Amino acid sequence: MMIEEVQAKSILNPTGGFLATYTHSLNAYQGCAFGKNSCPYCYVRAMPVQRFSGKVWGEWVKAKVNAPELLRQELEKARRKGSFGSLRIFMSTATDPYQGVEARLKITRGLLEVFACSGAFGLLVVQTRSPLVERDLDLLTTLGSRVWVSLTIETNREEVRRQITPASPSIERRLATLERLTRAGVRTQAAISPVLPCDAEVFAGLIAPRANRAVLDTLLHGDGAGGRRSAELKMPELLRSLGYADWMREDAHLELLAALRRKMGDERVGFSQGGFNLL
Ligand code: SF4
């Protein structure tokens, strides 16, 4: 793993596309260590940030070590412009803010410290698959209703995780993280995105008592291109080779969606793009 510490020029980037309900994305890292042996469906590997890197996705990370200071300055600027209270920030869109190197560099923690001291901005969504997010429970509870933690869990089946996303933390570990955050009063979302082969009733039964809400997405609906990007990443071939061809069907997620809605209520379960629009 090649880790480079860099100085960024800016840290809040205006959003668009499926995150249009957010004002900015925030990526404290470029590259993602989970790309190595996890997330074969990750669309970031087809984006310019990876295509022009000249390296293998998952084998490099650039850490923006001045991110907290930049954030402080950019929040101050927003305050002067009068847009501070309406900031809706998604962290992160093209990396995982709690990938392994964060344990040492603590850049994401530094960002949360800035947010915690900055007053009443609109909303921050922390999107991760890593239990390391628990380390920052103190800051997350300080941020209260201004923050959601959205934790990716694609299946309840540990053998599926090992086959498709082997470098991801275990299902049990991620469920425990969700539970701890929720019990501590942090607003939590289980991001079942994309849905991988799973047992609908069992999975919904694990999520319902541990998360405030759930959002579900699929390889066909969630890639922003009607499944074309998932096809380019050879996800249909991968699922077929493992005996899961049926899980590429258009309706493969419906049983899980229905089970989640039964157990959690419609208002606590979102689907695809609109489902990521948190309040
Ligand atoms: S954690 Fe997110 S950004 Fe990182 S490889 Fe997986 S899907 Fe891509």
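When residues are sorted by class, Ala, Val, Leu, Ile, Met, Phe, Trp, Tyr, Cys and Pro count as nonpolar, Asp, Glu, Lys and Arg count as charged, and the others, Gly among them, count as polar. Keep that sorting in mind as we walk through this structure, which is a predicted model.

Let's start with the largest pocket, which holds about 1000 Å³ of space. Its lining is made of 38 residues, and the ones closest to its centre are Phe18, Tyr43, Val44, Ser92 and Thr93. What does the lining of the largest pocket look like by class? There are 17 nonpolar, 16 polar and five charged residues. You can try the sorting yourself on the central residues: Phe18, Tyr43 and Val44 belong to the nonpolar class, while Ser92 and Thr93 belong to the polar one. The lining also brings two parts of the chain into play, with at least three residues coming from domain 1 (1-124) and at least three from domain 2 (153-274).

Next comes the second largest pocket, with about 250 Å³ of space. Here 17 residues form the lining, and Asn13, Asn27, Gln30, Val49 and Lys64 are the closest to the centre. Which elements give two or more residues to this lining? They are β4 and β5. By class, the lining of the second largest pocket has seven nonpolar, seven polar and three charged residues.

Those two strands lead us to a sheet. It is an open sheet of three strands, in the order β1-β5-β4, and its pairing is mixed. Because β1 (2-6) and β4 (29-30) stand at the edges with a single partner strand each, one side of each is left without a neighbour in the sheet. Look now at how β4 meets β5 (residues 60-64): the two strands pair in the antiparallel sense, over two bridges. To find this spot in the model, look for tyrosine 29, which stands opposite alanine 63 in β5.

Our last stop is a cavity. Rolling a probe the size of a water molecule over the atoms shows where empty space is left. How many cavities of 30 Å³ or more does the structure hold? There is one, and about 70 Å³ of space lies in this largest cavity. Its lining consists of Val195, Thr218, Leu219, Leu220, His221, Trp247, Arg249, Glu250, Ala252 and His253. Sorted by class, the lining of the largest cavity has five nonpolar, three polar and two charged residues. The two charged ones are Arg249 and Glu250.

Note on methods: Residues are numbered from 1 along each chain as its sequence is written. This is a predicted model: local features need pLDDT of at least 70, side-chain atom pairs count only at pLDDT 80 or more; totals for chains, interfaces and linings use all residues. Side-chain values use heavy atoms; hydrogens and water are left out. On a 1 Å grid over the protein atoms alone, a cavity is a set of points where a 1.4 Å probe fits but cannot get out, and a pocket is an open set with protein on both sides within 12 Å along at least five of seven lines; lining residues have an atom within 4 Å of a point. Grid points are joined across faces, edges and corners, and a volume is the space filled by probe spheres set on the points. Two strands pair if DSSP finds at least two bridges between them. Helices (H or I, at least four residues) and strands (E, at least two) are DSSP runs, numbered from the N terminus. Domain bounds come from an automatic or database domain assignment.
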